[in-house]
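Colleague: Before we go through this model, I would like the terms settled. Please put the structure up and start with how you class accessibility.

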Amino acid sequence: MADEAKDVAKIVQRGIDFRKAGRDAEALAEFQRAAKIEESPRITAQIALAEQALGIWLDAHRDLLAALEHSDDSWIRKNRLTLDKSREAIESNLGRVEVWGAPSGAAVALDDKSIGKLPSASTWLAPSEATLRVSAAGYEDFVRLLNVNADSRIREHVDLRQLPLHVAAAAPAEAAPAGTSLTSHSEAPVSIQPAHVSFYERWWFWTAIGAGVVAAGTGTWLLTHRGGSGVACTSSPCSVW
């Protein structure tokens, strides 16, 4: 263990020497090699500072924040002022995106990478264009292209619009494979046809004739005695979808 600690100390020192010589990529490789042997807030901070020097802003920000979480570490306390200034310099090269709104639990993603859920989600981004997508079951997706600049802050309020119930209910049915029956029976219903009988041999034929004669007589009487015109209007029920 003692020899391993000495090796880590030598690796870290070699990384610092590379930093002083302006060989930041080589310094980063040494610090990362040390971190594989021993994780410590100091080594994590050194990795972040090398990444900052190389312009790897997002990684530098992530690693520096991780190091600063160890506020009780003696090396972090000793160098806190310098580390805070480095954090501010890194953040000036990034943009911050904050998304808030409803419904609670809706998934928030930037370029298909999750950054959290509503009612509040946020992240840091390198300057770029990024597609914001907020989605939740039963709601219409919110999609917007964001232009993220360095040292900028974008705040987006999202209030997803609920889909009509019949649209949300239809979604599972649309996923059924083509040609697949949605019923539990594969056979078509069979209708039983009665034996052929001429229409003038059926009882209802003569009943209808008699009713027609009576209706015709009644209509004639109404037209004759009232001088008006009879209007009959029928319609089938309407369905609203």
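Modeller: Buried means under 20% relative accessible area, exposed over 50%, and partly exposed in between (1.4 Å probe, protein chains only). This is a predicted model, in which local features need pLDDT of at least 70 and side-chain atom pairs count only at pLDDT 80 or more, while totals for chains, interfaces and linings use all residues. Residues are numbered from 1 along each chain as its sequence is written, and side-chain values use heavy atoms, with hydrogens and water left out.

Colleague: In what order do the strands of the open sheet stand?

Modeller: Helices (H or I, at least four residues) and strands (E, at least two) are DSSP runs numbered from the N terminus, and two strands pair if DSSP finds at least two bridges between them. The sheet is open, has mixed pairing and contains 7 strands, in the order 6-5-2-3-4-1-7.

Colleague: Which strands stand at the edges?

Modeller: Each edge strand has a single partner strand, so one side of each is left without a neighbour in the sheet; the two are strand 6 (142-148) and strand 7 (152-159).

Colleague: By what angle are neighbouring strands of this sheet turned against each other on average?

Modeller: Axes are lines fitted to C-alpha atoms, for helices over the stretch in contact, and angles run from 0 to 180 degrees between N-to-C directions. With direction ignored, the average for neighbouring strands of this sheet is 25°.

Colleague: How many bridges join strand 1 to strand 4?

Modeller: Strand 1 (residues 95-102) and strand 4 (residues 120-125) run antiparallel. Along this pairing, Val-99 has Ala-121 as its bridge partner, and Arg-96 stands opposite Trp-124. The number of bridges joining the two strands is 6.

Colleague: Which residue of strand 4 is the bridge partner of Lys-117?

Modeller: Strand 3 (residues 113-117) pairs with strand 4 in the antiparallel sense over 2 bridges, and a hairpin through 2 residues joins them. The partner of Lys-117 in strand 4 is Ser-120.

Colleague: Where is the cis bond that leads into Pro-119?

Modeller: Pro-119 is in the loop between strand 3 and strand 4. Omega is near 20° for this cis bond, which runs from Leu-118 to Pro-119.

Colleague: What is omega for the cis peptide bond that joins Ala-102 and Pro-103?

Modeller: Pro-103 lies in the loop between strand 1 and strand 2 (107-110). For the bond between Ala-102 and Pro-103, omega is about 5°.

Colleague: What is the phi of Asp-151?

Modeller: Most residues other than glycine have a negative phi, and most peptide bonds are trans. Asp-151 is in the loop between strand 6 and strand 7, and it is exposed, with a relative accessible area of 60%. Its phi is positive, near 55°.

Colleague: What span should helix 2 have at 1.5 Å a residue?

Modeller: The expected span of a helix is 1.5 Å times one less than its number of residues. Helix 2 (residues 24-37) has 14 residues, and its end C-alpha atoms are 20 Å apart, which agrees with the expected 20 Å.

Colleague: What arc do the buried residues of helix 2 cover?

Modeller: The buried residues are Asp-24, Ala-27, Leu-28, Glu-30, Phe-31 and Ala-34. They lie on the same side of helix 2, because the arc they cover around the axis is only 165°. The arc is that of the directions from the helix axis to the C-beta atoms. Exposed on the other side are Ala-25 and Lys-36, and the arc of the buried set is 165°.

Colleague: How many salt bridges does a search of the whole structure find?

Modeller: A salt bridge is a side-chain nitrogen of Lys or Arg within 4 Å of a carboxyl oxygen of Asp or Glu. A network of them links Arg-80, Asp-84, Arg-87 and Glu-91. The search of the whole structure gives 15.

Colleague: Which residue forms a salt bridge with Glu-140?

Modeller: The closest N and O atoms of this pair are 2.5 Å apart. Glu-140 counts as partly exposed at 34% relative accessibility, whereas its partner is exposed, with a relative accessible area of 58%: Arg-161.

Colleague: Is Glu-156, which meets Arg-144 in a salt bridge, buried or exposed?

Modeller: The two side chains meet at 2.9 Å, N to O. Glu-156 lies in strand 7 and Arg-144 in strand 6, so the pair ties together parts that are 12 residues apart in sequence. Arg-144 is partly exposed at 38% relative accessibility, whereas Glu-156, at 10%, is buried.
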